[in-house]
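Visitor: Please choose one part of this model and take me through it closely. After that, I would like to see the wider setting.

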Amino acid sequence: MQVTIDSGSGFCFGVTSAIRKAEEELQKGQLFCLGDIVHNGQEVERLAKLGLETIDYDDLRTLHNVRVLLRAHGEPPTTYHIAKQNNIDIIDASCPVVLHLQKKIRDTYEQEKSKPHPAEIVIFGKRGHAEVVGLEGQTNNTARVIEGIHEIDQIDYTRDLYLFSQTTKSVDEFNVLAEAIRQRSQEQSHGTRQVIVSDTICRNVANRVQKLQEFARQNDIIVFVGGKKSSNAKVLFQHCKDVNENTLFVSSADELIDSQVLARYPLSDSTRIGICGATSTPLWLMEEIKTQITQTTKITQNNANNVP
């Protein structure tokens, strides 16, 4: 039986950089992190054992004279203001791609806000997601967030429109959404309003879709490893399942054992099992699950061989 880990899966650059920075700063003393550093419970737990303390915004307002790490998702301006007021030393691990997007949205907002009829700023993303909260903050929370094409009727087409996207969204879905918005604006404003589209999706993340699907096609069974809180994990899992119906989602090796998911599939010496994950999935966790699968399938096969 062949069990393979997808070489392209695992932490993206932004997450890798944030975790490395956290490990370095922990060596200097007490360190807090605003929100889970990554949407993966096992990695959060690993860093907690090293001393990283996760806090929320309420905690941030009460802390003074401490060090706080900002994760890769980025933060709104209010976070920096609170930190300055409370003499908090910010360790900024925001992803450069996210920071670049924040600047584009902030510049657009500053350019438009004083006009008699300012353009509407629309962000394609998940409401409440850490990155999206940071993006909304660049517009003093005046941007409109839409989660899909089913919400385009909420947009004000009497104004010019700027469309941006959360960095981890699907390129194909974004392009379909942008075209639908262009058509709707044309219909409702009779071509008198502009629609300016900025493709702000991270290609390091977006390009994983095609490679993941190729990997999923090459294997009989796919074990997708991701955190339950990760939007990226849910999206990439579905892309795998679209091309290989024998795709299952797990968050830990224990979950793989408890659910007995592999028992649903006929296993043989020629079965190919592929393990892959989201941009928030650590390599060590995929390796742990590979070990568990190997041990479990060996036991299953031995039991089958011993049946009289």
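**A close look at the aromatic pairs**

Guide: Let's begin with Phe249, which at 24% relative accessibility counts as partly exposed (buried is under 20% relative accessible area, exposed over 50%, and partly exposed in between, with a 1.4 Å probe and protein chains only). Before we go on, a word on what you are viewing: this is a predicted model, in which local features need pLDDT of at least 70 and side-chain atom pairs count only at pLDDT 80 or more, while totals for chains, interfaces and linings use all residues. Residues are numbered from 1 along each chain as its sequence is written, and side-chain values use heavy atoms, with hydrogens and water left out.

The whole structure holds four aromatic pairs (rings of Phe, Tyr and Trp, the last by its six-membered ring, pair if their centres lie within 6.5 Å; planes under 30 degrees apart are stacked, over 60 edge-to-face, and the rest tilted). One of them joins Phe124 and Phe174: the ring centres are 6.3 Å apart and the planes at 25 degrees, so this pair is stacked. It links distant parts of the chain, with Phe124 in strand β6 (residues 120-124) and Phe174 in helix α7 (residues 171-189), 50 residues apart. Helices (H or I, at least four residues) and strands (E, at least two) are DSSP runs, numbered from the N terminus. Phe124 is buried, its relative accessible area being 0%, and Phe174 is buried as well, at 1%.

Now back to Phe249. Its ring pairs with that of Phe237, the centres 5.4 Å apart and the planes at 85 degrees, so the arrangement is edge-to-face. Phe237 belongs to helix α10 (residues 231-243) and Phe249 to strand β11 (residues 247-250), so the pair ties together parts that are 12 residues apart in sequence. Whereas Phe249 is partly exposed, Phe237 is buried, with a relative accessible area of 16%. Phe224 joins them, and Phe224, Phe237 and Phe249 form one aromatic cluster.

Phe124 has a charged partner too: the charged end of Lys169 sits over its ring, 4.8 Å from the centre (for this, NZ of Lys or CZ of Arg must be within 6 Å of the ring centre and within 35 degrees of the ring normal).

Strand β6, which holds Phe124, leads us to helix α6. Six of the eight residues of α6 (residues 130-137) are buried, so the helix is largely enclosed by the rest of the structure. These are Ala130, Glu131, Val132, Gly134, Leu135 and Gly137. They pack against α4, α5 (96-112), β6 and β7 (144-146), where contact means heavy atoms within 4.5 Å.

Helix α4 in turn brings us to a sheet. Four strands build it as an open sheet, in the order β3-β2-β4-β5 and with parallel pairing; two strands pair if DSSP finds at least two bridges between them. β3 (52-55) and β5 (89-92) stand at the edges with a single partner strand each, so one side of each is left without a neighbour in the sheet. On average, neighbouring strands are turned by 35 degrees against each other, direction ignored. β4 (residues 67-70) and β5 run parallel and are joined by four bridges, with Val68 opposite Ile90 in β5. Helix α4 (residues 77-85) packs on this sheet, touching β2 (31-34), β4 and β5, and its direction makes about 145 degrees with that of β5 (axes are lines fitted to C-alpha atoms, for helices over the stretch in contact, and angles run from 0 to 180 degrees between N-to-C directions).

For a view from farther off, take Arg193, in the loop between α7 and β9 (195-197). Arg193 and Phe32 are 161 residues apart in sequence and 46 Å apart in space, C-alpha to C-alpha. At 35% relative accessibility, Arg193 counts as partly exposed. Not counting residues up to four places away in sequence, Arg193 touches Tyr157, Thr158, Arg159, Asp160 and Ser185.

Finally, the chain as a whole: it has 12 helices and 12 strands, and its C-alpha trace spans about 85 × 55 × 25 Å along the principal axes. Buried residues make up 50% of the 308 residues. Of the contacts with a separation of 6 or more, 70% come from residues 24 or more positions apart.
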